[in-house]
Amino acid sequence: MSKAFIAIDLGASSGRTMLGILDNNKLTIKEINRFWNGPNNNDGVLRWDFSSLLSNIKNGIKLAESEHPISSIAIDTWGVDFGLIDKDGALLEEPVHYRDDRTSGLFEEAFKLVSKKEIYQKTGIQFMELNTLYQCLALKLQNDKSYLEASNLIFSPDLLSYMLTGKIYAEKTIASTSQFYNPSTQSWDIDLLQRLGIRTDILPELISSGSNVGYFEKIPVIAGAGHDTACAFAAAPIESSTRSAILSSGTWSLFGCELEKPLINDEALNEDFTNEVGINNSIRFLKNMNGLWIIQELKRIWNKNGCSYSFSDMVTMAERATPFKFFINPAHEMFFSPGDMENRIKNFCNQTGQDSPATHDEIVRTAYEGLAFLYADTFNSLKKITGIPFDNVHIVGGGSKNELLNQMTANSTGLPVISGPIEATAIGNILIQMIALGKIDDIENGRLLVRRSFRNEINNYTPVNRNKWIEAKNISSDDLITIAKWNI
């Protein structure tokens with residue numbers, strides 16, 4: 001008899017209820033409903049709309065139940081954000097979005113109290129001002145009323161699970177994104193938080209992924225891997241005989257590998273790598289970078305200005321443009337916030353002594369090549385720090401559909417690229433539920449199931465024109481800049 005599982009998968013711009021059905025050792029995935037998810041500007045503060053999210057989630061569960069009896073539910077979301085709960089269990093206010101500017105300049109304030117090196121030694125987490133650590137430091141410095149009144153702090157996926165079950169907890173994959181968590185001790189780093197003056201009395205009990213935390217209308221709710229990247233990594237169809245790097249490609253690019261224990265040293269700190277918790281308390285050693293956000297913002301601005309390009313159109317535009325005319329660094333801070341990405345690309349080129357791209361074709365090509373070169377630099381750092389001689393790169397997630405960027409990644413890294421599955425986050429979410437309920441034995445069997453079930457989505461790319469990519473990366477003429485000089 002077939003078994004069905006619901007994966008609630010919430011990204012930075014949309015949410016979906018996904019139905020996974022296991023039948024005859026094959027998993028199929030179906031989207032039940034999709035809904036908008038993004039920031040609202042409420043009196044100058046960017047906030048999520050969790051009330052709307054909860055309504056859409058409950059509707060998706062109801063629709064899924066009408067198609068198949070459900071074995072379990074699990075929720076995954078983006079990292080770092082949280083809600084504050086009062087003594088009566090009510091949400092004090094809609095959670096603040098990680099792109100809100102309340103954390104601007106907070107590194108300096110934090111490092112006055114605890115050095116950057118010591119924070120990294122304790123948490124192993126990449127320094128980004130959007131991390132929970134700096135969000136809570138901002139609330140402390142502002143004497144924020146909700147923060148002072150709160151009885152519990154609950155991270156985004158766990159908050160939605162709480163709204164379904166009434167159970168409060170912190171699942172480790174999502175907790176580890178906060179920069180509150182010590183991956184070496186596998187516990188909250190109370191000493192660090194106290195020295196920063198951040199409340200520790202509101203932190204929930206830590207639990208491992210795959211825990212059964214309660215029920216929603218008699219359906220078991222599993223604390224799967226609450227962080228969407230942990231789910232995506234779990235679904236990468238890696239073969240146990242290979243040494244694979246993994247790139248989760250979407251709005252964000254997350255490039256790294258799986259390790260058995262944290263890798264925390266000066267080199268990892270200097271290269272800005274992070275040690276996040278994966279399934280079975282493994283470590284996702286990776287770098288969190290800008291991704292297809294730049295392409296998404298170009299599309300938004302151009303559509304607003306009357307150019308109705310699809311993402312497929314933009315790939316075609318990039319393919320017909322001349323390669324290697326302009327270079328940008330997608331990791332530069334000017335490319336992270338919403339805005340006119342076309343002019344930002346032009347300004348970056350102008351400020352670094354280059355000519356400026358003149359056409360939309362050239363602009364899109366520049367963005368894609370910039371991402372591919374950024375992946376190559378990150379991959380080289382990953383090899384150097386870990387000492388692992390990788391055999392290939394697995395690209396999972398929505399970006400794995402982009403054949404142009406997949407091929408560019410193979411060309412720039414010099415390694416074979418294996419892309420797919422597209423719905424890796426939802427699939428990984430479901431695999432963890434299946435392991436929790438004993439439907440499959442472990443993640444190795446889960447990845448075998450992925451290879452068997454989604455073979456039509458899994459594609460291979462072999463590096464081509466490798467010398468041209470190496471030459472382009474090393475350009476140093478007067479009118480172009482080298483990749484090494486990207487920080488302006």
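**Two residues and two cores in a predicted model**

Trainee: Where is the place of Pro262?

Mentor: This is a predicted model, and the elements on either side help us to find the residue. Strand β16 covers 252–259 and helix α10 covers 266–270, and Pro262 has its place in the loop between β16 and α10.

Trainee: Is Pro262 buried, exposed or partly exposed?

Mentor: Buried means under 20% relative accessible area and exposed means over 50%, with partly exposed in between. Because the relative accessible area of Pro262 is 24%, this residue is partly exposed.

Trainee: Is Thr123 buried or exposed?

Mentor: Thr123 belongs to helix α3, which is made of residues 116–123. The cut-off for buried is under 20% relative accessible area, and since Thr123 has 0% relative accessibility, Thr123 counts as buried.

Trainee: Which backbone oxygen does the side chain of Thr123 reach?

Mentor: Leaving aside residues up to four places away in sequence, Thr123 touches several residues, among them Tyr181, Pro183 and Asn275. Its side chain also reaches a backbone oxygen at 2.8 Å, and that oxygen belongs to Ile119.

Trainee: Which helix gives the largest share of the largest nonpolar core?

Mentor: The largest nonpolar core has 88 residues, and those with the most contacts inside it are Ile198, Leu298, Tyr368 and Val393. The largest share of this core is 12 residues, and these come from the helix of residues 360–386, which is α14.

Trainee: How many residues does the second, separate core have?

Mentor: This second core is separate, and it includes Tyr169, Ala230, Ala234 and Ile238. Its number of residues is 68.

Key: Residues numbered from 1 in each chain as written. Predicted model: local features only at pLDDT ≥ 70, side-chain atom pairs only at ≥ 80, totals over all residues. Heavy atoms only, no water. Core = buried A, V, L, I, M, F, W, Y, C linked by side-chain atoms within 4.5 Å. Buried < 20%, exposed > 50% of the residue type's maximum accessible area, 1.4 Å probe, protein only. Helix = DSSP H or I, 4+ residues; strand = E, 2+ residues; numbered from the N terminus. Polar contact = N/O pair within 3.5 Å; in protein donor to acceptor, adjacent residues only side chain to side chain. Contact = heavy atoms within 4.5 Å.
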